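Open the model in your viewer and keep the sequence panel visible. The stops below go from the whole chain to single residues.

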Amino acid sequence: LMFDILHRLESKNPIVGYHKSKMHEVFSKIQLTIAAIGKKNDYKKKGFENLSKALQAILGSINLIGDLPEKPIEIAVVYRFSNLCYSIYGIYNSFGIVVPEKHYLRIKKALSLIEAVSKDPKFQKIQSKLMYVLSEK
C-alpha cells in the first residue's frame, strides 16, 4: 500500500524521486565497494543496476521541475542531480569504464540547471567540478 501511494505521488512530487534516488545511490555505493574489495562481479552488476535506478529516479524529478528551479525542493533536486552526475563519472573512471556520451549530455543538462541558482557557493563548487569533467572530455 505504501509503495502504491508513493508511486502515485511520484508523478506529481519531485521529493519522491529525490529520496528514491538517494536510497538507490546508497545501495549502489555499498555494492560497488564490496565488488571493488572482493572482486565480486555479481555485486558490481547489482551496484550498477542501483546506480541506474538512482539516476532514473532523479531524472523523473528533474522532468517535473522544468528548466528554472525556484522552490527549495526543486533546488535540492538540481543539486542532487548534479552530484549524482559527478559521482557516476567518478565511478565509471574508477572501474575503468568509458563514460558514455549520454552521460556527458546529462552533465550538460545539470550545468544548464545550475545556471539559475549558481550564486550559492555549494552550487559553484559542483559547477566547477562538472565543467572540469567536460573540459577533460
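**The whole chain**

Show the whole protein chain as a surface: of its 137 residues, 36% are buried. Buried means under 20% relative accessible area, exposed means over 50%, and partly exposed lies in between, with a 1.4 Å probe and protein chains only. This is a predicted model, in which local features need pLDDT of at least 70 and side-chain atom pairs count only at pLDDT 80 or more, while totals for chains, interfaces and linings use all residues. Residues are numbered from 1 along each chain as its sequence is written, and side-chain values use heavy atoms, with hydrogens and water left out.

Switch to a cartoon view. The protein chain has six helices and zero strands, in the order α-α-α-α-α-α along the sequence. Helices (H or I, at least four residues) and strands (E, at least two) are DSSP runs, numbered from the N terminus.

Now look at the overall dimensions. Along the principal axes, the C-alpha atoms of the protein chain fill a box of roughly 45 × 45 × 25 Å. The radius of gyration of the protein chain is 15 Å, which agrees with the value near 14 Å for a compact globule of 137 residues. This radius is taken over C-alpha atoms, and the globule rule is 2.2 Å times the number of residues to the power 0.38.

Go back to the surface and colour it by element. The accessible surface of the protein chain is about 8,400 Å², and 59% of it belongs to carbon and sulfur atoms. Such areas come from the Shrake-Rupley method with a 1.4 Å probe; for residues, only the protein chains shown count as cover.

How are the contacts of the protein chain with a separation of 6 or more spread along the sequence? Residues 24 or more positions apart account for 61% of them. Contact means heavy atoms within 4.5 Å.

**Stop 1: three aromatic rings**

Select Phe48, Tyr92 and Phe95, which form one aromatic cluster. Rings of Phe, Tyr and Trp (its six-membered ring) pair if their centres lie within 6.5 Å; planes under 30 degrees apart count as stacked, over 60 as edge-to-face and the rest as tilted. By this rule the count is three aromatic pairs.

Start with Phe48 and Tyr92: their ring centres are 6.4 Å apart and their planes stand at 15°, so the pair is stacked. Phe48 belongs to helix α3 (residues 41-65) and Tyr92 to helix α4 (residues 72-94), so this pair ties together parts that are 44 residues apart in sequence. Is Tyr92 buried or exposed? Tyr92 counts as buried, at 17% relative accessibility.

Next, turn to Phe48 and Phe95. This aromatic pair is edge-to-face, with 5.6 Å centre to centre and 70° between the planes. Phe48 is in helix α3 and Phe95 is in the loop between α4 and α5, 47 residues apart, and the pair links these distant parts of the chain. Phe95 is partly exposed, with a relative accessible area of 23%.

**Stop 2: two residues at 0%**

Select His103, in helix α5 (residues 101-114). His103 is buried, and its relative accessible area is 0%. Which residues is His103 in contact with, leaving aside neighbours within four places in sequence? They are Cys85, Ile88, Tyr89 and Tyr92.

Then select Ala54 in helix α3. Ala54 counts as buried, at 0% relative accessibility. Leaving aside neighbours within four places in sequence, Ala54 is in contact with Ser21, His24, Glu25 and Leu84. Use the distance tool on the C-alpha atoms of Ala54 and Phe81: they are 27 residues apart along the chain and separated by 9.5 Å.

**Stop 3: a loop residue**

Select Lys39, in the loop between α2 (14-38) and α3. Lys39 is exposed, with a relative accessible area of 70%. Most residues other than glycine have a negative phi. Lys39 is not a glycine, yet it has a positive phi of about 50°.

**Stop 4: two longer distances to check**

Select Lys46 in helix α3. Lys46 is partly exposed, at 40% relative accessible area. From C-alpha to C-alpha, Lys46 and Lys125 are 30 Å apart in space, and they are 79 residues apart in sequence.

Finish at Asn93 in helix α4, which counts as partly exposed at 41% relative accessibility. The C-alpha atoms of Asn93 and Val26 are separated by 19 Å, with their positions 67 residues apart along the chain.
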